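The following exercises concern a predicted model. Each task is followed by a worked solution.

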Amino acid sequence: MVSLSTWCRYLVHKIEYSFTLGWKSYKRGQISDRELQDAVWKNVFQGKLTYLHWSKGEAMAPTIGEQGGTLLVRKIPSADPGRVFVGDVIVMKDPDDSDNYLVRRLAATEGYEMMSKDEKDEPFVLEKDQCWVLADNEKLKPKVLNEAKDSRLFGPVPMTGIVGRVIYCLRTAVDHGPVQNSHYSMRKDSPVLEVELDVDDMVKNHKS
């Protein structure tokens, strides 16, 4: 049973998400002043903060099984260093195919100095709104047959390409649990996980 304090924290997150999403649409000229208020309250009462995403491949093993996993993803309407943090497992648009999505771990954000193990590569600093993402599977080599498709292959990516943070992974019906993200994110996501996690629904939608 979800406690009252958890519901209150969850509601605060919902209001913040709904306002950010509505404001984003308003700034783009997609909705008017009057529609902004309606959009915010509609999201608060009808919308969810999460969605299910299927991920396959070896890149994020062992976090996500090599055979794939059904992921519960918290929506991020506007990604910036105040909403996603180094250490988070994120869902992002594929830099090479905007219709495809990749699941990777956020390794660095703007201001970080990046050093290469290859002495021929010059160090550089990530610019504003840039980030560096990596696959969890350390056995894969990024520059050999594109095994691990991450920033070691395609370089820095814009934060705007991040659409969500993975908060729970179901590998099989008996092997599932919360995803290890940054400490701050796990604390922020805990009320969302308590309210919106439905393992039975994840099992039903799982692709075995």
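**Exercise 1.** Determine in which strand serine 55 is found, and whether serine 55 counts as buried or exposed.

*Solution.* Begin with the secondary structure: serine 55 belongs to strand β1, which comprises residues 50–55. Next, take the relative accessibility of serine 55, which is 11%. Buried means under 20%, so serine 55 counts as buried. Finally, list the contacts of serine 55, setting aside neighbours within four places in sequence: these are Ile64, Gly68, Gly69, Leu71 and Val103.

**Exercise 2.** Compare the expected span of helix α2 with the distance between its end C-alpha atoms, and establish where the buried residues of α2 lie around the axis.

*Solution.* Helix α2 covers residues 33–46, which makes 14 residues. At 1.5 Å a residue the helix should span 20 Å, and this agrees with its end C-alpha atoms, which are 20 Å apart. Now identify the buried residues of α2: Leu36, Val40 and Val44. Because they cover an arc of only 65° around the axis, they lie on the same side of α2. These buried residues pack against α1 (4–27). On the other side of α2, the exposed residues are Arg34, Asp38, Lys42, Phe45 and Gln46.

**Exercise 3.** Describe the volume of the largest pocket and the classes of residue in its lining.

*Solution.* The largest pocket holds about 670 Å³ of space. Its lining has 20 residues, and Met115, Lys117, Trp132, Leu134 and Arg152 lie nearest its centre. Both β7 (130–134) and α3 (151–154) supply at least two lining residues each. Sorted by class, the lining has 9 charged, 8 nonpolar and 3 polar residues.

Definitions and conventions. Residues are numbered from 1 along each chain as its sequence is written. This is a predicted model: local features need pLDDT of at least 70, side-chain atom pairs count only at pLDDT 80 or more; totals for chains, interfaces and linings use all residues. Side-chain values use heavy atoms; hydrogens and water are left out. Helices (H or I, at least four residues) and strands (E, at least two) are DSSP runs, numbered from the N terminus. The expected span of a helix is 1.5 Å times one less than its number of residues. Buried means under 20% relative accessible area, exposed over 50%, partly exposed in between (1.4 Å probe, protein chains only). The arc is that of the directions from the helix axis to the C-beta atoms. Contact means heavy atoms within 4.5 Å. On a 1 Å grid over the protein atoms alone, a cavity is a set of points where a 1.4 Å probe fits but cannot get out, and a pocket is an open set with protein on both sides within 12 Å along at least five of seven lines; lining residues have an atom within 4 Å of a point. Grid points are joined across faces, edges and corners, and a volume is the space filled by probe spheres set on the points. Ala, Val, Leu, Ile, Met, Phe, Trp, Tyr, Cys and Pro count as nonpolar, Asp, Glu, Lys and Arg as charged, and the others, Gly among them, as polar.
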